[in-house]
Amino acid sequence: MTGLLAEVGKKFAERWLTLLVLPGVLYVCAVVAAYYLNGFAFGSLTGRVEALAPRNNASALMYMVVLGVVAAAVGLAASAVGSLVERLWLAEGWYSWPRPLRGLALRRVSARQRRWDAAHEVEAALRERYLSGRIPGGPASGVSDLDLDLALSRVLATAQERPVRPTWMGDRLQAVVIRYRQECDLDLPSVWPFLWLMLPDQARVEIKEARERITKATMLAGWAVLYAAVAVLWWPASVVVVGLFMAARQRGRRAVETYAVLVEAATRLHAPELARGLGLDHDGPLDARTGQAMTLLVQGQGHLIPLTVGWPQPRPPD
């Protein structure tokens with residue numbers, strides 16, 4: 001037990017140092033440098049550094065302690081901002097946001113729906129023409145594979161299913177829920193906690209790692225928000241802010257895509273096993289009867305309102 005606790009403490013310290021303290025130290029140094037910089041006159045920092053240099057070991061130790069505490073506090077602030085960014089990006093339960101944000105989100109959902117409907121209509125028409133041209137002896141359609149791929153990419157650039165959330169990332173996760181509800185009348189948010197307990201260890205590790213990548217991307221966006229203060233003090237840092245936020249957004253989209261694919265794959269592979277574990281006589285892929293029965297079993301027969309707030313998202317241990 002002592003060895004286990006020592007190993008856990010070591011990993012916790014490494015995680016704390018890597019994710020919070022070191023980026024916090026870099027941020028504190030950037031703020032101080034931005035405060036004293038005037039344009040690109042980096043030579044002016046030399047005198048400031050010499051003035052702040054510790055005079056003895058006691059001063060050096062005090063500087064290290066103060067810097068460590070401030071850096072950790074900044075890291076916690078970045079983590080908190082990252083959590084807020086995650087709520088905005090995934091937009092789960094956006095209809096319960098405060099009134100100004102809820103109105104903006106509603107307008108964005110409506111705009112995304114109109115854009116998706118227009119792109120989907122064009123893609124459906126092109127697909128119909130493309131398939132009619134494949135009929136032997138029929139007229140040529142005039143639609144190439146490239147035309148069809150471009151039309152489909154415009155649909156997917158908005159959402160995989162008709163948008164119901166104000167962001168692409170939120171709709172990417174919600175698309176999995178929508179598909180199962182349409183295909184087999186399964187309410188995935190209700191079933192997912194039960195399914196999670198039945199998944200093999202390797203599947204759970206893959207899903208946890210994908211979820212952790214989402215958290216890391218949102219935390220990077222949190223650092224981008226904090227570095228806006230550096231940009232206020234020293235305007236060239238605005239390039240860093242934009243770069244950090246764009247990188248965070250790109251990483252977040254890739255992580256959400258991976259997470260959604262893994263959750264859907266795990267459900268397709270193991271939902272029939274869960275159905276049998278719940279006592280249902282089922283074999284093969286899920287159908288509407290089995291999906292509805294599973295939903296009623298996990299929700300309880302007395303529920304009047306379906307529990308469709310959103311499936312619990314497993315997080316990596318701290």
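Leu-233 is partly exposed in this predicted model, with a relative accessible area of 41%. The value falls between the two cut-offs that matter here, since buried means under 20% and exposed means over 50%. Leu-233 belongs to helix H8, which covers residues 201–233. At the surface, Leu-233 joins Val-32, Tyr-35 and Tyr-36 in a nonpolar patch of about 380 Å². Helix H1, spanning residues 2–36, is the largest contributor to this patch, giving three residues. A residue needs over 30% relative accessible area to enter a patch, and the 41% of Leu-233 is therefore enough on that count.

The patch can be placed against the overall architecture. The protein contains ten helices and zero strands, and reading along the sequence gives the pattern α-α-α-α-α-α-α-α-α-α. Of its 318 residues, 37% count as buried. The exposed area comes to about 18700 Å², with carbon and sulfur atoms supplying 64% of it. Among contacts between residues at least 6 apart in sequence, 71% join residues that are at least 24 apart.

Helices H1 and H8 come up again in the aromatic pairs, of which the whole structure holds five. For Tyr-27 and Tyr-227, the ring centres are 5.1 Å apart and the planes stand at 90°, so this pair is edge-to-face. The pair links distant parts of the chain, as Tyr-27 lies in helix H1 and Tyr-227 in helix H8, 200 residues apart. Both partners fall below the 20% cut-off for burial: Tyr-27 is buried at 10% relative accessibility, and Tyr-227 is buried with a relative accessible area of 11%. A further ring, that of Trp-223, is linked with Tyr-27 and Tyr-227 by ring pairs into a cluster.

Another aromatic pair is formed by Trp-192 and Trp-196, and its geometry is tilted, with 5.9 Å from centre to centre and 45° between the planes. The two residues sit four apart in helix H7 (residues 188–198), so about one helical turn separates them. Trp-192 is buried, with a relative accessible area of 1%. Trp-196 is also buried, its relative accessible area being 13%.

What sits over the ring of Trp-196? The charged end of Arg-204 takes that place, 5.9 Å from the ring centre. A charge counts as sitting over a ring only within 6 Å of the ring centre, so the distance for Arg-204 meets that limit. A second arrangement of this kind involves Arg-253, which lies over the face of Trp-168 at 4.2 Å from the ring centre.

Trp-192 also takes part in the surroundings of Thr-267, a residue of helix H9 (residues 238–277). Is Thr-267 buried or exposed? With a relative accessible area of 1%, Thr-267 is buried. Apart from neighbours within four places in sequence, Thr-267 is in contact with Tyr-180, Leu-186, Leu-188, Trp-192, Leu-195 and Pro-272. One of these partners, Trp-192, is the buried tryptophan of helix H7 described above, and Trp-192 thus connects to both Trp-196, through the tilted ring pair, and Thr-267, through direct contact.

Terms used: Residues are numbered from 1 along each chain as its sequence is written. This is a predicted model: local features need pLDDT of at least 70, side-chain atom pairs count only at pLDDT 80 or more; totals for chains, interfaces and linings use all residues. Side-chain values use heavy atoms; hydrogens and water are left out. Patches are made of residues with over 30% relative accessible area and no salt bridge: like charges are joined within 9 Å, nonpolar side chains (Val, Leu, Ile, Met, Phe, Trp, Tyr) within 5 Å. Accessible areas come from the Shrake-Rupley method with a 1.4 Å probe; for residues, only the protein chains shown count as cover. A salt bridge is a side-chain nitrogen of Lys or Arg within 4 Å of a carboxyl oxygen of Asp or Glu. Buried means under 20% relative accessible area, exposed over 50%, partly exposed in between (1.4 Å probe, protein chains only). Contact means heavy atoms within 4.5 Å. Rings of Phe, Tyr and Trp (its six-membered ring) pair if their centres lie within 6.5 Å; planes under 30 degrees apart count as stacked, over 60 as edge-to-face and the rest as tilted. A charge sits over a ring if NZ of Lys or CZ of Arg is within 6 Å of the ring centre and within 35 degrees of the ring normal.
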